[in-house]
Amino acid sequence: MKSPLLTCFLLLMCSAATAAPPKAFTQAQCVGLKTAHVDAASIGLPTRGAVITAVAMAGQPNEPHCKLEGQIKPVNLKAPNIEFQLYLPLLWNGKALQLGGSGFDGAIKGADTARLAPAATPGALKQGYATFGSDSGHQGGVSDASFTLNDEAWENFAGAQIKKTHDVAIALIQQAYGRKPSRMYFQGNSQGGHEALAAIQRFPLDYDGAIAIHPVYNVVELHMAGIRIGQAVYNTPGAWISPAKSALIANAVMGACDKLDGLSDGIVANVKACDATFTLAHLRCKDGKDDGAGCLSDKQMSLVKMLSKPVSLGVTLPTGDRFAPWPILQGADAASIVSVFGSGADKPNPEASNLIISFPYMMGDQAVRYEVMRSPDFDSLTFDPATHQARLQELASQVDNNDADIRAFVQHGGKLLMMHGTADMAVPPGNTVAYYDRLKTQFGEKTLRQFARFYLAPGFTHYSGPFRLSWDSLGTLDKWVDHGIDPGQQVMIDTNKATAGREMPLCDYPLFPKYKGQGDTRVASSFECVTQ
């Protein structure tokens with residue numbers, strides 16, 4: 001039987017070994033990775049292995065790192081490769097970060113902050129993280145779903161590429177540094193946020209923490225809501241709302257609601273009070289007939305009301321028959337509103353892929369034509385979701401991540417940070433609220449706060465807005481995972497040119513930041529997180 005002293009000594013030695021810094025990584029070793037490969041047996045899902053296609057040193061002298069580009073080979077020879085990138089810092093902190101993509105993916109935008117709107121501050125590479133991401137298993141535009149006609153490409157997009165890319169990256173990191181990462185995190189926005197939830201739900205033991213920013217956890221439901229919006233905009237003559245009228249709505253809401261958080265700063269933070277204060281009827285044209293840019297006709301009023309309430313999907317899917325309301329009357333800016341209505345009233349050409357088309361409809365149109373109907377020439381403005389319920393439910397079971405039972409991830413010690421902008425018109429914030437409520441029902445609020453935090457960011461859209469947020473989400477997550485430091489109230493920093501550097505609290509949901517009535521309005525300490 002070991003003595004207490006010997007046991008203590010052995011524990012100390014084990015701790016010291018665990019805390020030992022990673023071995024040095026050199027430029028010569030980077031070049032040597034040209035011939036590196038990963039066998040199929042090292043990847044947890046079926047592939048034909050992975051190869052490196054390009055190696056280069058980059059980032060010198062500020063953040064020297066080795067950039068690897070590679071391909072994960074599909075089982076089906078007709079399926080596309082998974083293109084991936086892995087960035088290996090010469091000064092490694094021993095940890096790794098996997099990054100999600102956007103839209104229908106199809107491209108790699110870089111393995112650091114370029115892929116993330118409210119990214120880690122400073123960048124992950126500067127902090128010493130090995131970072132990596134993929135194109136999700138096909139090449140194409142973020143608004144192009146034609147790849148889904150190939151079953152393996154669809155399976156990869158639906159989640160398999162997350163595991164395949166992870167396993168390949170871990171194997172290469174071990175080849176480069178001599179050991180696996182001590183911590184493995186996932187961070188993503190939008191579709192990348194969807195992928196963050198997929199990572200912890202489907203592959204819970206692979207990750208120590210995740211950051212999901214405006215995550216589309218129920219993407220099929222979102223796309224059906226987009227179809228309903230497009231049909232309401234384009235199938236009803238006179239319903240379309242012009243950019244000028246979009247600005248009218250945004251300005252009217254701001255005028256009524258801006259000061260409800262104690263400060264007139266171009267940001268609506270007290271959303272609940274805004275719901276109770278703003279009256280849409282004030283914008284109605286005389287007799288309800290379209291009378292120019294200064295008012296809304298009855299048809300346009302109906303469209304706004306449709307969006308500002310839970311949107312009927314016309315079919316019952318795993319998360320219900322309605323989708324979260326768009327924040328059109330809660331402080332969304334005019335540009336975001338235009339993206340939902342599109343900038344033209346004519347029947348759209350979906351292949352144009354620009355803001356002439358309603359953005360939610362454009363994405364839903366791609367899903368209907370390629371995923372549901374598997375017919376590129378189908379007119380989605382005629383689509384009836386109820387007649388395709390079985391197919392839609394099948395797709396949802398494959399790609400959605402609506403299961404709140406993430407006990408395996410929690411028992412593994414995993415931590416989850418979620419954030420959503422209150423002015424997001426691409427993915428409504430109420431959708432993430434709904435997922436957080438699912439977690440609360442599953443675990444209870446007290447237990448939930450031991451591993452998850454959810455923040456609503458006032459004035460932040462899908463990537464910009466009146467308050468263009470920067471937030472040290474990665475640093476916050478790492479401190480929580482590695483040192484048990486509770487995140488608590490966070491601070492967000494504005495990166496808009498005219499207001500750069502101003503701060504505001506990033507409050508725990510359902511709190512919002514209210515100005516105290518005195519103090520520097522650009523400093524977070526002048527605000528308090530309150531419920532009303």
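These legends go with close-up views of a predicted model.

**View 1. Here is the open sheet, built from 10 strands with mixed pairing.** Its strands follow the order S1-S2-S3-S4-S6-S5-S7-S8-S11-S12. Look for the edges at strand S1 (37-38) and strand S12 (452-457), each of which pairs on one side only. At one of these edges, S1 and strand S2 (residues 50-58) run antiparallel, joined over two bridges. You can find one bridge where Val38 meets its partner in S2, Ala50.

**View 2. Two helices pack on the sheet.** Helix H4 (residues 191-202) touches strand S7 (183-189), strand S8 (209-213) and strand S11 (415-421). The direction of H4 makes about 145 degrees with that of S7. Helix H13 (residues 429-443) touches S11 and S12, and its direction makes about 150 degrees with that of S11.

**View 3. A disulfide links Cys257 and Cys274, with sulfur atoms 2.1 Å apart.** The torsion about this S-S bond is about 75 degrees, so the disulfide is right-handed. Cys257 sits in helix H6 (residues 243-257) and Cys274 in helix H7 (residues 271-277), so the bond ties together parts 17 residues apart in sequence. Both cysteines, Cys257 and Cys274, are buried.

**View 4. Cys507 and Cys529 form another disulfide, with 2.1 Å between their sulfur atoms.** Here the torsion is about -80 degrees, so this disulfide is left-handed. Cys507 lies in the loop between strand S15 (503-506) and strand S16 (512-515), while Cys529 belongs to strand S17 (residues 527-530), so the pair ties together parts that are 22 residues apart in sequence. With a relative accessibility of 0%, Cys507 counts as buried.

Notes. Residues numbered from 1 in each chain as written. Predicted model: local features only at pLDDT ≥ 70, side-chain atom pairs only at ≥ 80, totals over all residues. Heavy atoms only, no water. Pairing = 2+ DSSP bridges. Helix = DSSP H or I, 4+ residues; strand = E, 2+ residues; numbered from the N terminus. Contact = heavy atoms within 4.5 Å. Axes fitted to C-alpha atoms, helices over the stretch in contact; angles between N-to-C directions. Disulfide = S-S within 2.5 Å. Buried < 20%, exposed > 50% of the residue type's maximum accessible area, 1.4 Å probe, protein only.
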